Amino acid sequence: MSDFNREARLLTTPFHSRVAAMCDLNDWGNWMGYTTPNAYFDVELEYFSVRSTTGVFDLSPMNKYRVTGPDAERYLNRLITRDVTKIGVNRVGYAIWCDDNGQVIDDGTIFRLGEEDYRICSYQRADDWLAWNTLGFDVSIENESDAVAGLAVQGPTSCTVLTLLGCTDLNQLKPFGIAHYTFEGRPLMVSRTGFTGDLGYEVWVPPESAEALWDQLFELGRDYLIKPIGSHALELARIEAGFLQAKVDFMPAEEIVRVGRSRSPFELGLSWLVDFSKPLFNGRAALLKEQANGSRYRFAMLDVEGNKPAEHSFILKGDKQVGTVTSAAWCPTAKANIAYAQIEMPHGAVGDELVAEIYYQRELHWTRLLAPCKVIDAPIFKSPKRWQTPAPPH
Amino acid sequence: MTDYDAVIIGAGHNGLVCASYLAKAGKKVLVVDGRSEPGGCASTREFTPGFRVSDCAQWLSQFDQSIIKDLDLKGAGLTTGKAKATISLQADGNHLILEGDSITGAGVDSADQAAYRDFKNMVRRFAKLMTTLYRSRPPKLVEQNWTDRLTLIKLGIGLKLLGREYLRDLMRIVMINIYDVMNEHFSNAALKSAIALDAVTGTNMGPRSPNTVFSYLHRATGEHLGQSGTTQVMGGMGALGRSLAAAAERQGVTVQLGSAVSAIVKTEDRVTGVSLTSGETISATLVISSADPTTTFRDLLGYDQMEAGMAKRVEHYRSRSGTAKLHLALSALPTFNGLSASQLSERLVITPSMDGMETALNPMKYRELSELHTFDISIASVEDPSLAPSGQHVLTAIVHYVPYAPDIGWDAGKPKLLNHLLSQLEAYAPGIGALVTASELVVPSELEASHGMTGGNWHHGELSIDQALMMRPFPGSTQYATAVEGLYLCGAGAHPGGGLQGLPGRNAAKEILRRGVLS
C-alpha cells in the first residue's frame, strides 16, 4: 500500500479510546483533521441529553493559542473587535476577529488566565495570522492545541456531575467564569461556557488526564444520565441556541478565493461585538466605512412554517430571490423550524415576511415547498439556567 | 488649534517640493529634518578638507522641469551643467560613447547604430506613456472616480496611439529582463552592458532580474520630464537642496533643520502631529512623510499603531540596495586610457559584460563581496572647480554589487573592497591610485544611516512593477493617502517614486489640495 499518504490520515483526540468504545453506531466524521463521531447511538437522544440531563462532547480538536507577555492585552485588543480590557482575570469572552477589510476571519473564545496571560480558543488554525499580528508587540504566541484536551459537559445536571468529580462550589461560578481544580494531581480548568445555550461547562485538562477524566465523568454521572454526544446532536443544539458556525454560516476571510464571499460582523448580526470606542483594531476603518455606507447582507434568523428544515434553501421576497440559508433545523425543544439566512439588503429586517424555497425528498420523490417564514429577533430557545448563579439544582 | 496645517517629515527634495506647493496654496507648512542641510539625497559634503562631493545622488537626469519653473528654482540659485555624454570605458581604450541617439567606438557597427536608434525610439514612446501616468496620481483600478478614469482614458489612448507593433512589444518586454531585451536588439557586448547598467544601478537586481526593463524605462522618463540628458548640479547636489529650501521659504514654509522626528503621534484613531528627538511635539492637521515607507510606518508610526494587514504589507515591502558610493580626493586630474582631459567631465561608466554583471549579483545575494562591479563615475570638479582646491579634483562613483551586510563584516570588508575598487579603476586610469589623497567608501548600510533610507535603497523601495504605480508603496496606502487617517506620503516611496524627480512631492501636494483635507 505504498500509495497511502500518511499526512492525510486523520488524527485522534486524547479521548479517542473512550470515544470509540462508546460510539455504538461507528459513525465517524472528519472535524478539522480529527476523527470525531457524528453520532454515538441516536442523534435525537444525544441531543435530549444536553437539554434534559448531561451531554459530553469532545472538543479537543479546537485550536488553542496561549498569548503571553507585557503587550498581551494590547495585542488582543488590536486583534479582536470587542474591548478585551473588559474581560477580567478568570473570565472568558466570545470574540470575532477581522482582516483589514473588516471581514470576519474566525470567531472564538478568549480566556483570560492572568494579567498578561490569555488563551484563544478558535475554530480555525490561526498560527499565521496570530504571528503576523505580533509585529510591533512584545508578546509570545504558543500553539498549545495538542497540550490541552477539552470536553464540553452541557446540560441541566452538568454542574452536579462535575461537583461530584471534585469541582467544589462549581455552582457559584458565573457564566463565562473560570475555576481551577486539581484532578489526579494535574490541573483541571473549568469554564462556564458552551455551544448549547443551556447550563454547561467546558473542562480543560492535559492530554495525560483525558482518559481518566472521561472514565470518572461517566462513572459519576451514570445516575444523572450522562451521555456522549456527536457533532450532529451538537449542530441541532447550537442552531436552536442561536450560535454561528465558521465555514457553515460564514467563510473565514483568509480562505476566500472568490471576491465578495466573505462577511463582515454587521452582515453576521454580530455588531454587538464591534466596539468603535477602541481607536484601533483590525478592520476598524473598513467597518466604519461600512457602517456609514451600509452593508451588502443581513443575517436573519427565520422561523419557518411547517416542519421541513429549510436546508440550503433560497429565500424569496415575492418572486425575487433575496437570500440563501446557511443553517437550518427542526429544533425539538423550541418546537420550531429555524433557519439562518444571508439576506440581501434592504430585506431581512426583524418582522420581514419571506418565503423559503425548500426541496425535500421522500423515496426518491422530490417535493418543492414554498414555506412562508418570518424574521425573528432572537433565538426561540432560551434557558434561564444558562444565566443563573448559583447554578440551579436540577 | 494645531500648530500647522501640515508638518512634513524630511527636507529631502520631495518633502520640500510638496511643502512649496502646499504653501503656494496658502497652507501653513513646517518641514522638519534631522540633517543639518536641506536636500536629503541631494546633498553635498566636504568629506576631507577642501574636497566636496555629492555624497548621495550625483546626477540630475529625471527632475521634472515644470517644478523647476513653478518654484523658480533657478531664481533660488539652481544652476545645472551641460548635458553629458556617457562614455563606457573599455580595457583597450576604444571607448563606447553614447550621446543622444548616436553611438560610436568600441567596434559598434552600423547595424548596432541603427538598432540603437530604433531602440531609443521605442523606449521614448514607452517612457512618454509612463510620464503620462507619472504626472498624475496613480489611478485605482477599482473604486474609480472621474479623476482616475480620466488618467486611465489618457493611458488607453496613449496605448492605442503606440500602434499594434509597439503595444505588442511593450506588453512583451515590460515584465521581462534587460538582459534578454539587450540580446534581442544588439550584438555589441559593450553596448549591451552600458545600457544594462542603467537598469540595475540603485536596485538590488542584476540584468537577468525581472523588472529590470521597468527600472530602465523609469529612468528613461527623464527625457519627457524635460531633462535633456544627465547633468551635474553646480556646487554639488546640495545646491539643489538649498535652492529647494530657499524656494520653500519664499513661499512661507518653515524649514527646521537639525530636528529629527522621533515618532509620528497618533491620538485616538488619527495622526495628529510629530514628536521630535528634542522632546518637542508639533501638532498638525496632516503629517506628510517624505521618509521611505518602512521608516515612516515601522519606525516612526510603529506596527502597533496600524491594522495588522498593513503591518504585514510594510514588512513585505522590499527596500534593499546593492549600491555604494566611492569618493576620492585626487591631487591632480587623472589620466584615463583613451580619454582626453575634456572628456573627463562626461559621465564615465565601467561595466563588466552582462554575464559578468549577473555573476556579480550572486555573491552580493549571499552576503559576500563580489569580484566585479559597475562604476558610474563623475569627476565633478572638471566642470565645477569650486568643489576641490585649485588643480586638484574629486571623483565620485556609484558602485553597484556591494552587499548590504557581508558575512565578514564591514570592518574587515571595507578596506578589502576599497582596494579592490581602486585596482579596478587603475586598469582604466593607470596611476590614479598614486593621486588619491583621501578616500571614502560609503556602503548601503551607511547610506541608510546618513540619509535615512531603509536598506540604503535610494528609490525608497525597489523599483518593480509590484511596488509601482497604483501599488506604490503597497495596496491600501496609495494615492498619497495611507490607511492611517491624517498621514500622507510624499517621498520616493510614493508614486511615481525613485530617483531625483520631485514628482511624488508635487503630486502629493496636488492630491491633498484636491481632496480639500486642509481647508
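Biologist: Which residue of E13(A) does A:Thr54 stand opposite?

Modeller: Happy to help: this is a predicted model, in which local features need pLDDT of at least 70, side-chain atom pairs count only at pLDDT 80 or more, and totals for chains, interfaces and linings use all residues. Residues are numbered from 1 along each chain as its sequence is written, with chains lettered from A and ligands numbered from 1 in the order written. Strand E3 (54–58) of chain A runs parallel to E13(A), joined by three bridges, and the residue opposite A:Thr54 is A:Ile226.

Biologist: Which are the edge strands of the open sheet of six strands in chain A?

Modeller: Strands (E, at least two residues) and helices (H or I, at least four) are DSSP runs numbered from the N terminus, and two strands pair if DSSP finds at least two bridges between them. The order is E10-E11-E12-E9-E3-E13, with mixed pairing. Those that pair on one side only are E10 (178–183) and E13 (226–228) of chain A.

Biologist: At what angle does helix H5 of chain A run to E9(A)?

Modeller: Axes are lines fitted to C-alpha atoms, for helices over the stretch in contact (C-beta atoms, placed from the backbone, within 7 Å). Angles run from 0 to 180 degrees between N-to-C directions. H5 (158–165) lies across E3, E9, E11, E12 and E13 of chain A, and its angle to E9(A) is about 130°.

Biologist: How far apart are the C-alpha centres of domain 1 and domain 2 of chain B?

Modeller: The bounds come from an automatic or database domain assignment. Domain 1 of chain B covers 4–42 + 235–318 + 457–515, and domain 2 covers 112–223. Their C-alpha centres lie apart by 27 Å.

Conventions
Two residues are in contact if their C-beta atoms, placed from the backbone, lie within 7 Å.
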